[in-house]
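Subject: Structure handover

Hello,

Here is the structure for you to take over. My notes on what was found follow below it.

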Amino acid sequence: MLLIILQITYGFIMAFAHYGMDGLHAWVPFNAARATHNNLLVVWLLSGFMGAAYYIIPEEAQRELVSVKLAYIQLITLAIVGVVAIIGFHFNWWEGRKFLEIPRPLDYLVVVNVLTFLGIILATLYKGKQQTTTAMVLTMGLVFAALLYLPGMIWFDNQAMDAFFRWWVVHLWVEGVWELIMGGILAFLLIKLTGVDREVIEKWLYVIVGLTFLSGILGTGHHYYYIGTPEYWLLIGGIFSAMEPLAFLGMALFAIHMYRKGGKSHPNKIALSWTLGTAIVAFAGAGLLGLAHTLPQVNMYTHGTLVTAMHGHLAFWGAYGMLIFAIISYTMPLMTGRKLFELPSNIYAFWLSLIGMLGMTTAFAAAGVAQVYLERKVGLDFMVAQKEIEIHFLILILCASLFTTGILIFVYNFIKYGRPNEEAMQPEEEFEAVQPAA
Amino acid sequence: MLSKKQAKVFFLGGTLLFSLIFLGLSYESITASIPKKTNADQISDAVIRGKHIWDSNNCMGCHTLLGEGAYYAPELTKVYERKGETYIKTVLMSEKPWAPRGRQMVAYGLSEEDANDVVEFFKWVNEMDLNGFPPKPSEALQP
């Protein structure tokens, strides 16, 4: 939770800088703020995934984690490594490759940390009473996510090769194995919240993750259009990445359909909102807005502009941010024993953050499209074009304030009601503490 | 209607098939096409040192190169052609934040040697075959 607040703070620093107010330049230059913003996102999402796995796996396997203490140590150290990394950024200590900015020694710590995490999960699963599809898909996603971190650690002298393998990490994470994790968590939530038969949900889970890999693996090609790579990627990347929205469409239809079909009316309405929300917004942000600039003819102009920021914000929020909020909303009442299902402020949190993020996306879209036109079509100098689109960053800041208000309400409730309520607590729930962030 | 088992086969089979295609194409790219399109034989020690400086200062935190990076500062793929060696070196060696039209860059104050290495790096990047990127502005819209 602390991490997401920090992430948003740095987002504001950047937005103001784009608006022409860079008073903090001497202490927090843009590149430090940018790296902090992105890396915090990754760390808090990973913490969220790990926390979710620590909750879901024991429940699916019907066995407690092999070592709860080790799990705590692992989560806390991950957060510490994350914080050390961002402090390092401010002293110009990095590896400096987009999204993989953290310095090499810290990379090794992350590897050790993630191996610990996987060890705990796999051992629990292995010793568990049953191995369900949901648990397997989730675990598979986590294992591959760890494996794919490794190509990002190879050093290349050639910038194009460097970029080529960087996308193995970044693309195959976000548009591949993370979707497996997302599918697993979503399936778990839907099984719990709608009461639809597990067999039916898990069948569709296979279909959806099947579609993900079908389109997503070769869809990596959409990063290989213009970076010194052969031309066949234009065709392959174009075709397969145009199919990527199918997986997200599948997820959205799946969630809505199961919700309609489910006979059970689960009392936790907030968790249900976040669950349906994540499926739908992921389709809009990751699926449709991705499709908007994935074709090579379009991407020739939009590549490396604010159009990418538009897609990135709604996609990450919809697919992964909201997913983590969904699992938090689902597990909180169970872990604390408080039956706060329809707290009005949490409903505001949902809508404010959603509307705020949609507004931000629109502001980025307007800025991005104008930038593409002025800079790439008319051929204006970069800074001349930037001056023209400055106003959109004011709108961005306003919408971001709305978003932030929503998040702050959520965090406030999280802290206020996050402590276990001793009387209502059931003993076996006690240690399934999902700590979403530091 | 599809059974759960068929769905599983679809998932595992599809994943395996497309992973293999992906690995095959990647192999071709990294062994043959990329070295050719990027003139890998022209990567000198200076270019490598330049790339190191580029990475270790996280230049991609503001700029884009090959269209990749952040969107706060200009795209630098063709900077060598656009601005020339002297301009680039002046910016890199400046002790004060370089701020054309108000937006500030970190003052790196590089040594002349380091600045030369970065210029060599940009010179090499400038020559890559990028399938037509960055696009040329439309003639009809020129003022």
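To begin at one end of chain B: P134(B) is found in the segment after α4 (112–126) of that chain. The peptide bond that joins F133(B) to P134(B) is cis, with omega at about -10°. Please keep in mind throughout that this is a predicted model.

Chain B, overall and in detail

The domain assignment splits chain B into domain 1, covering 1–37, and domain 2, covering 42–136. Between the C-alpha centres of domain 1 and domain 2 of chain B there are 36 Å. The cis bond between F133(B) and P134(B) therefore falls within the range assigned to domain 2, 42–136.

Two further residues of chain B are worth a look. L66(B) sits in the loop between β1 (64–65) and β2 (68–69) of chain B. Its phi is positive, about 55°, although L66(B) is not a glycine. I48(B) belongs to helix α2 of chain B, which spans residues 45–56. In sequence, I48(B) and L66(B) are 18 residues apart, and in space their C-alpha atoms are 17 Å apart. Leaving out residues up to four places away in sequence, I48(B) touches D157(A) and I43(B). One of these partners, D157(A), is in the other chain, chain A.

Where chain A meets chain B

How many residues does each chain bring to the contact? Chain A brings 81 residues and chain B brings 70 residues. Together the two chains bury about 6,700 Å², and 65% of that is on carbon and sulfur atoms.

Side chains of opposite charge can pair when their charged atoms come close. Between chain A and chain B, four salt bridges are counted. One of them links the side chains of R166(A) and E68(B), at 3.0 Å from N to O. As for polar contacts across the interface of chain A and chain B, 15 residue pairs are found, with both residues at pLDDT 80 or more.

On the side of chain A that touches chain B, helix α7 (residues 198–219) of chain A gives the most, with 13 residues. The residues on that side of chain A comprise 45 nonpolar, 19 polar and 17 charged.

Salt bridges and aromatic pairs over all chains

A search of the whole structure gives 13 salt bridges over all chains. Among them is one between the side chains of R198(A) and E202(A), at 2.9 Å from N to O. Both R198(A) and E202(A) lie in helix α7 of chain A, four residues apart, or about one turn of the helix.

Aromatic pairs come to 35 over all chains. Y54(A) and F117(A) form one that is edge-to-face, with 5.3 Å from centre to centre and 70° between the planes. This pair links distant parts of the chain, since Y54(A) is in helix α2 (residues 30–61) of chain A and F117(A) is in helix α4 (residues 104–127) of chain A, 63 residues apart.

If you want a place to start, try the salt bridge between R166(A) and E68(B), then the cis bond between F133(B) and P134(B).

Regards

Conventions
Residues are numbered from 1 along each chain as its sequence is written. Chains are lettered from A and ligands numbered from 1 in the order in which they are written. Side-chain values use heavy atoms; hydrogens and water are left out. Contact means heavy atoms within 4.5 Å. Buried area is the accessible area (1.4 Å probe) that two parts lose on being put together, summed over both. A polar contact is a pair of N or O atoms within 3.5 Å; within protein, one must be able to donate a hydrogen and the other to accept it, and residues adjacent in sequence count only if both atoms are side-chain atoms. Helices (H or I, at least four residues) and strands (E, at least two) are DSSP runs, numbered from the N terminus. Ala, Val, Leu, Ile, Met, Phe, Trp, Tyr, Cys and Pro count as nonpolar, Asp, Glu, Lys and Arg as charged, and the others, Gly among them, as polar. Rings of Phe, Tyr and Trp (its six-membered ring) pair if their centres lie within 6.5 Å; planes under 30 degrees apart count as stacked, over 60 as edge-to-face and the rest as tilted.
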